[in-house]
Amino acid sequence: MLNDSPTSVETPPAVKQKIPVYFMPGMAASPAIFEYLQLDEHRFKLVYLSWKMPEMGETLKHYVKRYLPEIKHEQPVLIGVSFGGIIVQELAQLLAVRRVIIISSIKTHLEMPRRLRWAKSMRLYKLLPTQWAQKIENLSDWPVGSYTRKRAKWYKKYLSVHQKEYLDWSLEQILHWKQEKPLPGLVHIHGTEDPIFPVKYIQNYIPVQGGTHAMIIERFRWFNEHLPAYIEQGVLVDE
């Protein structure tokens, strides 16, 4: 006997939309610095940005605008390491974002260490031999100590931009960054042993004990464990 009553059809559960996460590496580095991060691809859509060569006399704000066509998703999470942290903070002022996370970076120019402020005031960065980067690939073959050789292999593997013009421009942009106040809701993850941006100058950050400026590579297990929560929830109340 047929049942004339309407047949109930179960509505399939809604598919949870992936969170788009854009990564910006540190100065001169390639996206390979993120190779050890293992984030759930069912929860996150991962996109890696690479450095562009600056144009002659280009300002930081104009440079950052050239990345806007590469941001294909609405409300993305932006993650930047070191100078890449400055880039994503500038990007976040040009589009609506879900969250900004910086690693081994600074939130304002006030977190710049004293020696870098001094280098800026004396314009000493103009004297740095940035052309050394073009010869870094040979350093691992030189008769140097094991620690230096290890670092040289890292540089050879992870540094993708060697042009003096890019390095000179990047140093000048970092030292002359004018950000006065941290962006609202910014998540700042910083190593307690960072020699580039020492923690004594850093305020309101999430510490990674023993982490150095290269901790995105050296301490990748910490990031694999903790980064997903910061992407989804931001800074927790009890931190």
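Start by selecting Ile-231 and showing everything around it. Setting aside residues up to four places away in sequence, Ile-231 touches Ile-19, Val-21, Leu-39, Phe-44, Val-77, Ile-79, Arg-98, Arg-99 and Ile-101. Keep in mind as you look around that this is a predicted model.

Which residues touch the most other members of the largest nonpolar core? They are Ile-101, Ile-189 and Ile-231, in a core of 62 residues. Helix α2, residues 83-92, gives this core its largest share, with six residues. Color α2 (83-92) and leave the three isoleucines as sticks before moving on.

**The whole chain**

Zoom out now and switch to a cartoon view. The protein chain has seven helices and six strands. Followed along the sequence, their order is β-β-α-β-α-β-α-α-α-β-β-α-α. Of its 239 residues, 46% count as buried. Contacts across the sequence are well represented: among contacts with a separation of 6 or more, 67% are between residues 24 or more positions apart. If you turn on a surface, you are looking at about 14000 Å² of exposed area, 55% of it supplied by carbon and sulfur atoms.

**Leu-183 and the residues it meets**

Next, select Leu-183. You will find it in the loop between α5 (164-175) and β5 (187-191). Is Leu-183 buried or exposed? Its relative accessible area is 16%, under the 20% cut-off, so Leu-183 counts as buried. Add Gln-89, Ala-92 and Gln-93 to the selection: Leu-183 is in contact with these three, leaving aside its neighbours within four places in sequence. For a distance to draw, pick the C-alpha atoms of Leu-183 and Glu-90, which are separated by 9.7 Å although the two residues are 93 apart along the chain.

**Gln-173 in helix α5**

Walk back along the chain to Gln-173, which is found in helix α5. Gln-173 is buried, at a relative accessible area of 14%. What does Gln-173 contact once its neighbours within four places in sequence are left aside? Select Glu-58, Thr-59, Leu-60 and Phe-83 to see the answer.

Stay in helix α5 and select Lys-164 and Asp-168. Their side chains meet in a salt bridge, 3.1 Å from N to O. The two are four residues apart in the helix, so about one helical turn separates them. Both ends can be checked on the surface: Lys-164 is partly exposed, with a relative accessible area of 30%, and Asp-168 is also partly exposed, at 26%.

**More salt bridges**

How many salt bridges does the structure hold? There are eight. Try Lys-52 and Glu-70, whose closest N and O atoms are 2.4 Å apart. This pair links distant parts of the chain, 18 residues apart: Lys-52 sits in the loop between β2 (44-48) and α1 (60-65), and Glu-70 in the loop between α1 and β3 (77-81). Glu-70 is partly exposed, at 29% relative accessible area.

Then select Glu-55, Glu-58 and Arg-66, which are linked in a network of salt bridges. You have already met Glu-58, one of the contacts of Gln-173.

Now try Lys-107 and Glu-111. They form a salt bridge with 2.7 Å between the closest N and O atoms. Where does the surface leave this pair? Lys-107 counts as buried at 5% relative accessibility, and Glu-111 counts as buried at 4%.

**Two residues with positive phi**

For the last stop, select Ser-104 and Asn-204. Ser-104 has a positive phi of about 55° although it is not a glycine, and Asn-204, also a residue other than glycine, has a positive phi near 50°. Ser-104 lies in the loop between β4 (99-103) and α3 (114-121), while Asn-204 lies in the loop between β5 and β6 (206-208).

Turn the surface back on to compare their surroundings. Ser-104 is buried, with a relative accessible area of 0%. Asn-204 has a relative accessible area of 71%, over the 50% cut-off, so Asn-204 counts as exposed.

Notes
Residues numbered from 1 in each chain as written. Predicted model: local features only at pLDDT ≥ 70, side-chain atom pairs only at ≥ 80, totals over all residues. Heavy atoms only, no water. Core = buried A, V, L, I, M, F, W, Y, C linked by side-chain atoms within 4.5 Å. Buried < 20%, exposed > 50% of the residue type's maximum accessible area, 1.4 Å probe, protein only. Contact = heavy atoms within 4.5 Å. Salt bridge = Lys/Arg side-chain N within 4 Å of Asp/Glu carboxyl O. Areas by Shrake-Rupley, 256 points an atom, 1.4 Å probe, with all protein chains shown as cover.
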